Amino acid sequence: MTEPRDLHERHRAVLPDWLSLYYERPLELTHGEGRHVWDADGRRYLDFFGGILTTMTAHALPEVTKAVSEQAGRILHTSTLYLDRPMVELAERIAGLSGIPDARVFFTTSGTEANDTALLLATTYRQSNQILAMRNSYHGRSFSAVGITGNRAWSPTSLSPLQTLYVHGGVRTRGPYAHLDDAEFTAACVADLEDMLGQTRGGVAALIAEPVQGVGGFTAPPDGLYAAFREVLQQHGILWISDEVQTGWGRTGDHFWGWQAHGAAGPPDMLTFAKGIGNGMSIGGVVARADIMNCLDANSISTFGGSPVTMAAGNANLIHLLEHDLQGNARRVGGLLLERLRSACAGLGVVREVRGRGLMIGVELVRPGTDEPSPEAASLVLEAAREGGLLIGKGGSHLGSVLRIAPPLSLTVAEAEEGADILARALRTADGAFNGQAAAGTSQTGTSQDTEGSAGQ
Ligand code: PMP
C-alpha cells in the first residue's frame with residue numbers, strides 16, 4: 001500500500017501555485033481560543049497575525065459561536081429578495097458608526113468584492129473609468145481589484161479595463177519624497193496629484209486609498225494627507241473611497257476608522273470593509289452616501305452577501321468589540337507593544353524601523369549596514385518566531401521585507417510582553433545571521449522558499 005501523501009503535497013497537487021503558503025513546513029491550524037491557535041501536531045502559538053486576517057476580537061469568541069450556531073439552526077435561506085433581520089441590524093450599526101451622512105450599506109462576501117462594488121458605484125456615478133490609486137496599494141484579487149493594486153507582487157495582469165493613475169503618498173519611508181518632513185511631503189504629494197489631474201482627459205471617478213497600507217507593509221502617510229488630497233479632489237468632483245479592510249473597527253487605536261487620522265477631510269464618500277468584522281465568517285461591504293449607492297438603475301442581488309449566519313456573527317462580534325472597548329485596548333496594549341519592540345530592536349542592524357498605530361505594527365528589515373530591503377531576514381524571523389511559538393505576518397513593497405504584527409484586538413498586556421520577547425529573540429537570531437554575513441561580505445540566503453507572492457495577505 002502506498003503511504004498517504006501529506007497535506008502539503010495534496011495542496012500542491014490540486015490548488016494553484018500562486019496560492020503561496022507561509023513557512024518551509026506550512027502550518028495546518030486546527031483550532032483556536034482567545035489569542036492562541038493550535039496546529040495539527042498539538043503545538044500552541046500566540047497569534048500576532050490572525051487579527052488582520054479574520055479574527056478581530058478573539059478566536060472562538062463564545063458570543064459569535066453561539067450566534068452562528070443559533071442562526072444556522074434557525075434558517076439558512078440566503079437571498080437579498082427577502083427581509084433579513086440580522087442584515088438590517090448590522091447595516092444600521094455600521095451606517096451609524098461610519099461617519100458618512102445618510103449612509104447606505106451593501107454587504108458582500110469579501111474585501112475584493114466590496115472594492116469591486118465601490119468601483120462599480122464610482123465609475124457609474126461619475127461616468128468615468130479613470131481611477132486614482134496609491135503606489136504600493138493592495139485592494140483585492142478580482143479583475144478590477146488587481147487593476148487598482150499598485151503593489152506589482154500582487155497584481156498579475158495589466159489588462160484591466162480601468163484606467164488607473166498611481167499617486168504618491170501611501171509609502172512614507174521610501175521613494176523620492178522620503179527625505180521630506182511631514183509638511184513638505186504632503187505638499188509634494190498634492191503637487192504630484194494636481195499635476196496628474198492636469199494631464200487626464202475627462203473626469204476622474206475616484207481616489208481609492210488604504211489609510212495605512214496593509215499588504216504594503218503597514219506604512220502610512222503623515223496625518224492630514226488625505227484632507228489635503230480631498231480639497232483638490234472636491235474641486236474636480238472626484239470621489240474618495242477609503243479602503244478600511246485592514247484599518248477599520250478600531251485597529252489603529254486612536255481611531256475607529258483609518259480615515260479619521262485625516263480628520264479635517266471629513267468622512268469619505270465611500271468606505272469598504274471586510275476581514276475581521278465577521279471574526280471568521282465571510283463578510284465584506286461598502287458604505288456610501290445614499291446618492292452614490294443609489295446611482296445604479298438596474299436591479300441587483302447578492303445570494304450570499306448579507307446572509308443571516310454571517311450577519312449574526314457580525315452583530316455579535318461588533319457588539320462585543322464596542323462593549324469591551326477593544327479600540328481602547330488596541331491603543332493601550334498596542335502602545336506598550338510598540339515601545340517594547342522599539343527598545344528590543346535598538347542596536348539591531350537588521351531593523352530599519354519599528355512603526356505602527358494601535359495593534360497594527362510593522363518592523364522593516366534591511367541588510368545590516370545598508371538601506372536594502374531584506375526579505376531573507378524577514379523569512380528567517382518568521383521561521384524563528386514560529387519555532388518560539390509566535391505567528392506573525394510579512395508584507396511590504398520589497399518582496400516581503402516588513403514583519404506585520406496584527407493580533408486580535410483583545411490582546412492582553414502579558415501576551416503582548418510574551419510575544420515581544422519571542423519576536424525579539426527571533427530578530428536577534430536574524431541580526432546575528434545577517435550581520436555576520438554583512439561583515440564577511442557573503443550573499444544572503446533565506447530560510448524559506450518564499451517568492452514575492454508570499455509576502456502578505
Ligand atoms: N483591501 C485591503 C486593504 C486588503 O488588505 C485586502 C486583503 N488583504 C483586500 C482589500 C481584499 O480582501 P479579501 O481578501 O477579503 O478579498
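The protein chain has an average pLDDT of 92 (the predictor's confidence in each residue, from 0 to 100), and 94% of the residues score at least 70. Over residues 442-455 the pLDDT falls below 50, and this stretch has 40 contacts in the model beyond near neighbours in sequence (a contact places two C-beta atoms, built from the backbone, within 7 Å). The model itself scores ipTM 0.99 and pTM 0.95. Because this is a predicted model, local features need pLDDT of at least 70 and side-chain atom pairs count only at pLDDT 80 or more, while totals for chains, interfaces and linings use all residues. Residues are numbered from 1 along each chain as its sequence is written.

Turning to the fold, an open sheet of four antiparallel strands follows the order β11-β12-β15-β14 (strands are DSSP E runs of at least two residues, numbered from the N terminus, and pair if DSSP finds at least two bridges between them). The edges are held by β11 (351-357) and β14 (393-395), each with a single partner strand, so one side of each has no neighbour in the sheet. From one strand to the next, the twist averages 25 degrees (axes are lines fitted to C-alpha atoms, for helices over the stretch in contact; angles run from 0 to 180 degrees between N-to-C directions). Strands β12 (residues 360-365) and β15 (residues 402-405) run antiparallel and are joined by four bridges; Glu364 has Val402 in β15 as its bridge partner. Helix α11 (residues 326-345; helices are DSSP H or I runs of at least four residues) lies across β11 and β12, at about 175 degrees to β11.
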